[in-house]
Amino acid sequence: MRLRTTAISIGILALFGCGPERQTDANAAQPANAAQDEAVPPVPPPGTGPDARTPLAEPKGPIDPKSAEAAGQVVQHYGALIEQKRWSDAEKLWGDSTAATEFTSSLRRHSDVHLEIGELGDMEGAAGSIYITVPVVFYGAGFRRPADVILRRVNDVPGSTEEQRRWHIERIEWKNRA
């Protein structure tokens, strides 16, 4: 009987030990409905910090077609099209069809092509146009090559066409191999 009473006593003590902790003098002054823990800022998802190696999250609202983000979307779209080997659709994102065809011909010789997109550069204005440079890396089976994608859009000047006022690829410049 004594063993049974001891086991019950230990069980009751264990249950009480799992209950809420006693308040200390430091938090005894808090009202009963105050939050026990301070609000902890949410941890950002992986790849969205300042040293991220993956793209930032998609924007939550509409993007201004004149913004740097809109230029970045052109580069993303270009990358998706070349990964799908939709060469002629990818070439339509260029301002100069001849330059586009020449560039894609250098990519077509690879069995697969992918595109890593870096951080958007700053927009720069010149002679009625705005430019932005986006660093990228083209890669696939057996190759990896960095480049800069230079995009351009014409400012809203009299005589400019809607097509000219959209972001388009002006040129892609290969960088020296790392």
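Strands are DSSP runs of E with at least two residues, numbered from the N terminus. The structure used in these exercises is a predicted model.

**Exercise 1. Place Pro146 in its strand and find what surrounds it.**

Step 1. Locate the residue. Pro146 lies in strand β4, which covers residues 143-154.

Step 2. Decide whether Pro146 is buried or exposed. Its relative accessible area is 18%. Buried means under 20%, so Pro146 counts as buried.

Step 3. List the contacts, leaving aside neighbours within four places in sequence. Pro146 is in contact with Val136, Val137, Trp174, Lys175 and Asn176.

Step 4. Take one of these partners and compare sequence with space. Pro146 and Lys175 are 29 residues apart in sequence. Their C-alpha atoms are 5.5 Å apart.

**Exercise 2. Describe the overall layout of the protein chain.**

Step 1. Count the elements. The chain has 5 helices and 5 strands.

Step 2. Read them in order along the sequence. The pattern is α-α-α-α-α-β-β-β-β-β.

Step 3. Check burial. Of the 178 residues, 26% are buried.

Step 4. Look at contacts between residues at least 6 apart in sequence. Among these, 48% join residues at least 24 apart.

**Exercise 3. Analyse the pair Phe103 and Phe138.**

Step 1. Start with the whole structure. A search finds 5 aromatic pairs.

Step 2. Give the geometry of this pair. The ring centres of Phe103 and Phe138 are 5.5 Å apart, and the planes make an angle of 55°. The pair is tilted, because planes over 60 degrees apart would count as edge-to-face and those under 30 as stacked.

Step 3. Find the elements. Phe103 lies in helix α5 and Phe138 in strand β3 (residues 129-140), so the pair ties together parts that are 35 residues apart in sequence.

Step 4. Check burial. Phe103 is buried at 7% relative accessible area. Phe138 is buried too, at 0%.

Step 5. Widen the view. Phe103 and Phe138 belong to one aromatic cluster with Tyr78, Trp94 and Trp174.

**Exercise 4. Work out the setting of Thr104.**

Step 1. Locate the residue. Thr104 sits in helix α5, residues 97-108.

Step 2. Check burial. Its relative accessible area is 0%, so Thr104 is buried.

Step 3. Look for a polar partner. A polar atom of the Thr104 side chain lies 3.2 Å from the backbone oxygen of Thr101.

Step 4. Look further along the sequence, not counting residues up to four places away. Thr104 touches Tyr78, Trp87 and Glu91.

**Exercise 5. Compare two residues with positive phi, Lys85 and Ala127.**

Step 1. Read the angles. Lys85 has phi near 60°, a positive value in a residue other than glycine. Ala127 is not a glycine either, and its phi is about 45°.

Step 2. Find the loops. Lys85 lies between α3 and α4 (87-91). Ala127 lies between β2 (124-126) and β3.

Step 3. Check exposure. Lys85 is partly exposed, with a relative accessible area of 39%. Ala127 counts as exposed at 87%.

**Exercise 6. Describe the second largest pocket.**

Step 1. Give its volume. The second largest pocket holds about 190 Å³ of space.

Step 2. Name some lining residues. They include Ile63, Asp64, Arg153, Arg165, Arg166 and Trp167.

Step 3. Sort the lining by type. It has 5 nonpolar, 1 polar and 6 charged residues.

Step 4. Find the main contributor. Helix α3 (residues 68-83) gives the largest share of the lining, 3 residues.

Key. Residues are numbered from 1 along each chain as its sequence is written. This is a predicted model: local features need pLDDT of at least 70, side-chain atom pairs count only at pLDDT 80 or more; totals for chains, interfaces and linings use all residues. Side-chain values use heavy atoms; hydrogens and water are left out. On a 1 Å grid over the protein atoms alone, a cavity is a set of points where a 1.4 Å probe fits but cannot get out, and a pocket is an open set with protein on both sides within 12 Å along at least five of seven lines; lining residues have an atom within 4 Å of a point. Grid points are joined across faces, edges and corners, and a volume is the space filled by probe spheres set on the points. Helices (H or I, at least four residues) and strands (E, at least two) are DSSP runs, numbered from the N terminus. Ala, Val, Leu, Ile, Met, Phe, Trp, Tyr, Cys and Pro count as nonpolar, Asp, Glu, Lys and Arg as charged, and the others, Gly among them, as polar. Buried means under 20% relative accessible area, exposed over 50%, partly exposed in between (1.4 Å probe, protein chains only). A polar contact is a pair of N or O atoms within 3.5 Å; within protein, one must be able to donate a hydrogen and the other to accept it, and residues adjacent in sequence count only if both atoms are side-chain atoms. Contact means heavy atoms within 4.5 Å. Rings of Phe, Tyr and Trp (its six-membered ring) pair if their centres lie within 6.5 Å; planes under 30 degrees apart count as stacked, over 60 as edge-to-face and the rest as tilted.
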